[in-house]
There are 2 protein chains.
Amino acid sequence: MLDIQSHHTDPDYSCAYVTLTIQTGLEGHGLTFTLGRGTEIVVQAIRTLSTLVVGQVLTDIYKDFGTFWRSLTSESQLRWIGPEKGVTHLATAAIINALWDLWGKLLKKPVWQLLADLEPEQLVSCIDFRYLTNVITKDEALELLRKGKQGKEERVNKLLDVGYPCYTTQAGWLGYSNEKIRDLAQKYLDLGFTAFKLKVGKNLYDDIKRLEFVRNIIGWEKTLMVDANQVWEVQEAIDWMAQLAQFKPLWIEEPTSPDDVLGHAQISKALKPLGIGVASGEMCCNRVLFKQFLQADAIQYCQIDSARIGGVNEILSVYLMAKKLGVKVCPHAGGVGLCEMVQHLQMWDYVALSGTSEGKYIEYIDQQHEHFVNPTIVENAHYLAPRTPGYNTTFKKDAVENYEYPNGKEWQNLFEKGVFSDPRKHKS
Amino acid sequence: MLDIQSHHTDPDYSCAYVTLTIQTGLEGHGLTFTLGRGTEIVVQAIRTLSTLVVGQVLTDIYKDFGTFWRSLTSESQLRWIGPEKGVTHLATAAIINALWDLWGKLLKKPVWQLLADLEPEQLVSCIDFRYLTNVITKDEALELLRKGKQGKEERVNKLLDVGYPCYTTQAGWLGYSNEKIRDLAQKYLDLGFTAFKLKVGKNLYDDIKRLEFVRNIIGWEKTLMVDANQVWEVQEAIDWMAQLAQFKPLWIEEPTSPDDVLGHAQISKALKPLGIGVASGEMCCNRVLFKQFLQADAIQYCQIDSARIGGVNEILSVYLMAKKLGVKVCPHAGGVGLCEMVQHLQMWDYVALSGTSEGKYIEYIDQQHEHFVNPTIVENAHYLAPRTPGYNTTFKKDAVENYEYPNGKEWQNLFEKGVFSDPRKHKS
């Protein structure tokens, strides 16, 4: 892979994939993205959680989805090994996402439209407000949703017409030659992109040279973001970014630990006079952390991730808090299936909650889409609104046949070549 | 079990148990505590992490233990499914704890003494300071440790003489009859205990009655703590505790989500004028969260847990930050093996870091000790200093034979009785 990040230097893009089947034979598919090793741990967690799902009546789940969600996240014994974070929460996300895909397919609506059509009462019934009420109550959420519906039809039409704006990370990986950066930046300029994200944080001198180089290509009217992938200490982030402020980045993404609310707040405060915002969220573990990031003005760009925290239900609560506190949501995407999923959430927010896409973008990375039956479509730097039922998370049959671990054909090749050893041969 | 807590209503006290064997045949044992379901997920994570441990040279590990620790917690692909939290971090704790048990056995010292005898330079080399440096640097830690050594011998002698003070949670579970509470409170009074913790948070009227009842038995000179096990929203915690302030509790433990630094800070600020401190930490996920709890004056009693966060190495950093910021550490214990482990950490802190046990206690719960070769010994409401090498985490042979899942004898009985189904029969 070409994705050279500071902490995740050799990702083998993978996912844990859940298929829920109902009696009619209809299937819902959900996934959580992983980097390779460790997927087997998430799969074990999904197996354990599946005992709470298999055999349940689907209409009962959707009637009181928030309660069902809590039955997974607060199972009396499993809760201890979270709670609501890490492996068990990734597993929850995969299951919950499959339920939303299924719901969309049952109602024959893409998930963004399903969400936008839900009555505010039913939408809030999907959310567990536990530990959030000092920032948002159910009643406040209801009010935001009722107001959000005003002018909805017009926005739906606009969305169906032009889609939702996105930015590209494609030209910005560390380790690219100047030639490659220039070619990619030009390619995405030609495709209509107006916002570009670059990785930074390995070497200050190189960062300055690269940002200078890219600004020369894209000009000063275009938007530039930078992303440090958690590589800095708090003070280091502040000092480093002071040196990069001359290139007018819109935001610095993941300057430090994804758990450090107070650290991000300190960085935000220092960078605000320089006109630089702070973005984080792709590895934020749950709604309680998001609540604090938003409360403390620790981030000015909230990057929800569709495969982390406990799936759609919990992410809805983050959008509601961001709306209340006036923070822009700009979803993280890429990986496997993240673009396919986040587009729905951001489009729901546009048509039925925040009512605007002004100054907001979905991340776009052009990889791993070919495995999906209904992949993300980006045209003129906009995600086009999905029109097929569900959450766009169904893999093509041959993607599963080729890549399922350890039975897929590609794995057999790798085992035969000796690149990996076949785990099935080591079974006792 | 009689442990009726708000979130964990039916714990089946369990653990994931790691045995490390070196070429001489010497074994180190480490564990992380679990509540039953989900242990299999932690075990899977330990299996995955074990590939990073098996075959390593032990002297290399101890020479630069912080770097080795980071190799587990920041493995380039596994990091994604944490980082440093939940299942993978519990698994890390079990492995790391086994390494400390082994180190103690190699040097023929109990771990508290091993820690206290380490030169400050070597002790800080065990710690990963990443993301901590805005609160504590390696140099500041070194200075604290050098100062902490002054008067050490005298404190070692005192420790060997009288042990370290503890409090009891035994009389305070919800759902006990008044008679049972009275008998237990009297029993622990007679055993010399001066501090008692009660569970609260289910019903305000019941809490008032129970606290009144217990104060009448133990009197007003004794120390009383209360524990809500994360059951409240932020404002609810403040309002509820205002009603219980009349009983002069030293602290309210886990008033809300273990992830909510700002929520705890808000509660602390409101309860300070009432003379009530806030305690939390048993489910705090890592040093970065602890850092913020300490920074924000969100807790006045820091309850490290020996089986959570990434084992001894990471806990050392929490003690150092607590020392610098003047917060009292009062470890969480109970479960399986937690008393056995935390005693070492708190005794090290006493003899070689903070230099005082004034106003501090280790929790003590009198259960599950019988399974250990060298169980915790409490006399006159003090943990006696362990004198056997290692971390006191080695199970008796028959404990393993009886309780190992799914092969242990007790499990065979349960399978035969039909209480649980035998997972080995469902293997494909």
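**Asking why: contacts, burial and salt bridges**

Q: What is A:Thr393 in contact with, leaving aside its neighbours within four places in sequence?
A: A:Thr393 touches A:Tyr17, A:His29, A:Leu31, A:Asp101, A:Met341 and A:Phe372, where contact means heavy atoms within 4.5 Å. This is a predicted model, in which local features need pLDDT of at least 70 and side-chain atom pairs count only at pLDDT 80 or more, while totals for chains, interfaces and linings use all residues; side-chain values use heavy atoms, leaving out hydrogens and water. Residues are numbered from 1 along each chain as its sequence is written, with chains lettered from A and ligands numbered from 1 in the order in which they are written.

Q: Why is A:Thr393 called buried?
A: Its relative accessible area is 0%. Buried means under 20%, exposed over 50%, and partly exposed in between (1.4 Å probe, protein chains only), so A:Thr393 is buried.

Q: What makes A:His29 a polar partner of A:Thr393?
A: The backbone oxygen of A:His29 lies 2.7 Å from a polar atom of the A:Thr393 side chain. A polar contact is a pair of N or O atoms within 3.5 Å; within protein, one must be able to donate a hydrogen and the other to accept it, and residues adjacent in sequence count only if both atoms are side-chain atoms. At 2.7 Å, the pair is within that limit.

Q: How do you know that B:Glu75 and A:Arg37 form a salt bridge?
A: Their side chains come to 2.5 Å, N to O. A salt bridge is a side-chain nitrogen of Lys or Arg within 4 Å of a carboxyl oxygen of Asp or Glu, so this pair meets the rule.

Q: Why does this pair join two chains?
A: B:Glu75 lies in the loop between helix H3 (65–73) and helix H4 (86–107) of chain B, while A:Arg37 lies in the loop between E2 and H1 of chain A, so the pair joins two chains. Helices (H or I, at least four residues) and strands (E, at least two) are DSSP runs, numbered from the N terminus.

Q: Which of the words buried, partly exposed and exposed fits B:Glu75, and which fits A:Arg37?
A: B:Glu75 has a relative accessible area of 9%, so it is buried. A:Arg37 has 36%, so it is partly exposed.

Q: How many salt bridges cross between chain A and chain B?
A: The rule finds 6 across this interface. One of them pairs B:Arg37 with A:Glu75 at 2.5 Å, N to O.

Q: What does A:Asp117 tie together with A:Lys152?
A: These two form a salt bridge, with their closest N and O atoms 3.0 Å apart. A:Asp117 sits in helix H5 (residues 111–117) and A:Lys152 in helix H8 (residues 152–162) of chain A, so the pair ties together parts that are 35 residues apart in sequence. A:Asp117 is partly exposed at 29%, whereas A:Lys152 is buried at 11%.

Q: Why does the radius of gyration of chain A agree with a compact globule?
A: The radius is taken over C-alpha atoms, and the globule rule is 2.2 Å times the number of residues to the power 0.38. For 428 residues a compact globule would have a radius near 22 Å, and chain A has 21 Å, so the two agree. Of those 428 residues, 63% count as buried.
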